[in-house]
Every structure is written in C-alpha cells, then in structure tokens.
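Welcome! Could you take a moment to look over the sequence and the 3D view before reading on?

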Amino acid sequence: VITPVITIDGPSGCGKGTIAAKLAERLGWHLLDSGALYRGLGHAAMAAGVDLDDGEALGQLAGRLDLRFAGQRLLLEGDDISSAIRTETAAAAASRVARHAPVRAAMLDWQRNAVRPPGLVADGRDMGTVVFASAPLKFYLDASLKERANRRYKQLNDKGVDANLVDLTDDLRERDQRDQQRALSPLVAADDAVVMDTTRMSIDAVFNSVMDAVRRSL
Ligand code: C5P
C-alpha cells in the first residue's frame, strides 16, 4: 500500500503553513513543514559561521545536522529552535541556503523519509513539483504581495513583535524573487495542482475549499 501525500506549496505568507497544519490534524496525518528544515539549516549555518554562499560546506553541514521535529517543535542537537527560526533574518538565511544543489540533495532524503502511514501533508515551495511529484493531490496557494505582507504584519503584532510594514513587504518581495528565479526547484505551481488565490479569502474559507477537494479525491 502506498502512503498518500498531499502537498501544499506557495510563496511566503500565503497561508500554506496554517492550512497544512489544520489539514493534517483533521485527517490525523503527519505534517512536514519543509520550510522549517531550511530555516533550521540557515540558523545552524549562521551559528557555525558557515558562509551562506558556500554550497559544498552547507551541503556537508546539512548531512551531519541533528535536526528533528518533536511534534510541532524543531530541535537542533536537542535544542528547541522553533522560535529562533521564525524571524525574518532566519527566513532570509533559509532562502539563501536553499539555492544550493548539495543542500537540496541532503534535504530530499530527509523529506521523503517523513512519509509515514496513514498519510503526510507536506508544505513548502517544491513539494508538488519535485519532492513529492507523484502525490495524488496538490495545492498551490497564492495571494497578493500586499495581502501577504499585511498578514505577516498582523501575525507579528499579535505576538507583540515590533514590525514595519514597508520593511516586511520588501523582505517578502526579495525572498519570493529569489525563490521563484533560482535554477533549482524554483517556486512554481505543479501542472496538476489545484491553484487558489486566497487574497480575499479567510483562513476558514480556504480550509473549507481545500477540504472539499480532499473529500472529492480520497
Ligand atoms: O516556508 P518558509 O517561509 O518557512 O520557507 C523558508 C525558505 O525556505 C523559503 O523562502 C525558501 O527559500 C526555502 N524553502 C525551499 N523549499 C521548500 C521550503 C522552503 O526552498 N520546500
């Protein structure tokens, strides 16, 4: 029996993380937040003083890292780095380390090993195009840059974190461009993905329409 995988890809702030977590919970499936892995590697590289442009060194670092999920928490050598990887600095580092072939190769095994019965919901940039290209159900969530920056701003404000909307918008734009224009596994919708523009949708509305597609396909 093949364990089913549902993929959810899209740019930063499109809501894919929230939707993936809700979907995994509703189905009772496992969850893979692949962005957290790249953030964890970026975090580890900065801590170890590894150059974010040195693909070989980063690939080696990725191969020997003890990076593990404990439920929703991400552990690096046993230390909880879940909060540390949520900063814009960590996000920028993630998107820089994610460009390198040795890094993506190391992450590929890691991600495919996360497939476990009864099923996996995987969110990221290349879940439907590369890592789980044969997944039976794929989603691609999008939203305008302005809306995504606003969501991130609200999120940070709710957490009591100081944020600047103009800076956030610039950071998101820069990261999206890097993710979309890179040579390896660029951010793009898979040909067979269900594409949704969530700009004017609430999280509940997005989740309901994702669940409709899931019910039709399972
Ligand atoms: O999804 P999240 O914002 O946590 O991802 C952080 C960065 O990690 C992205 O900007 C992207 O460069 C990289 N990433 C990737 N492939 C994935 C998931 C994330 O390259 N599957």
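This briefing walks through the ligand surroundings, the two sheets and the packed helices.

Please keep in mind that this is a predicted model. In it, 15 residues surround the ligand. There is an open sheet of 5 strands with parallel pairing, and there is also an open sheet of 3 strands with antiparallel pairing.

**Around the ligand**

- Start with the closest of the residues surrounding the ligand, which are Gly35, Tyr38, Ser95, Ala98 and Gly124.
- Three helices each give at least two residues to the shell around the ligand: α2 (34-48), α4 (88-97) and α8 (165-181).
- Which helix has the largest share of this shell? The answer is α2, with 4 residues.
- The shell has an even mix of classes, with 5 nonpolar, 5 polar and 5 charged residues.

**The parallel sheet**

- If you trace across this open sheet of 5 strands, you meet them in the order β2-β6-β1-β7-β8.
- At its edges you find β2 (30-33) and β8 (194-197), and each of these pairs on one side only.
- On average, neighbouring strands of this sheet are turned by 15 degrees against each other, with direction ignored.
- For a closer look, follow β2 alongside strand β6 (residues 120-124): the two pair in the parallel sense over 4 bridges.
- One residue pair to find here is His30 with its bridge partner in β6, Leu120.

**The antiparallel sheet**

- The order across the open sheet of 3 strands is β3-β4-β5.
- Its edge strands are β3 (67-70) and β5 (79-80), each pairing on one side only.
- Strand β4 (residues 73-76) runs antiparallel to β5, and 2 bridges join them.
- Here you can spot Leu76, which stands opposite Asp79 in β5.
- Helix α2 lies across β3 and β4, and α2 runs at about 35 degrees to β4. This is the helix that also supplies 4 residues to the shell around the ligand.

**Helices α4 and α8**

- A handy idea for this part: two packed helices are described by the angle between their axes and the distance between the axes.
- The axes of α4 and α8 come within 10 Å and cross at roughly 15 degrees. Angles under 35 degrees count as roughly parallel, so α4 is roughly parallel to α8.
- Is the crossing left-handed or right-handed? Helix α4 passes α8 in a left-handed crossing.
- From α4, the contact uses Glu88, Ala91, Ala92 and Ser95, while α8 brings Asp171, Arg175, Arg178 and Asp179.
- This contact divides into 2 nonpolar, 1 polar and 5 charged residues.
- Look again at Ser95: this residue takes part in the contact with α8, and Ser95 is also among the residues closest to the ligand.

**Helices α1 and α9**

- Helix α1 (residues 16-27) packs against helix α9 (residues 203-217) at an angle of about 50 degrees, and their axes are 10 Å apart. That angle makes α1 oblique to α9.
- The crossing of α1 past α9 is right-handed.
- On the α1 side, the contact is made by Thr18, Ile19, Lys22 and Leu23; on the α9 side, Ile203, Val206, Phe207 and Val210 take part.
- How many nonpolar, polar and charged residues does this contact of α1 with α9 have? There are 6 nonpolar, 1 polar and 1 charged.

Definitions and conventions:
Residues are numbered from 1 along each chain as its sequence is written. This is a predicted model: local features need pLDDT of at least 70, side-chain atom pairs count only at pLDDT 80 or more; totals for chains, interfaces and linings use all residues. A residue is near a molecule or strand if its C-beta atom, placed from the backbone, lies within 6 Å of it. Ala, Val, Leu, Ile, Met, Phe, Trp, Tyr, Cys and Pro count as nonpolar, Asp, Glu, Lys and Arg as charged, and the others, Gly among them, as polar. Axes are lines fitted to C-alpha atoms, for helices over the stretch in contact, and angles run from 0 to 180 degrees between N-to-C directions. Angles under 35 degrees count as roughly parallel, over 145 as roughly antiparallel, 65 to 115 as roughly perpendicular and the rest as oblique. A crossing is left-handed if the near helix is turned anticlockwise from the far one by less than a right angle, and right-handed if clockwise. Two residues are in contact if their C-beta atoms, placed from the backbone, lie within 7 Å. Two strands pair if DSSP finds at least two bridges between them.
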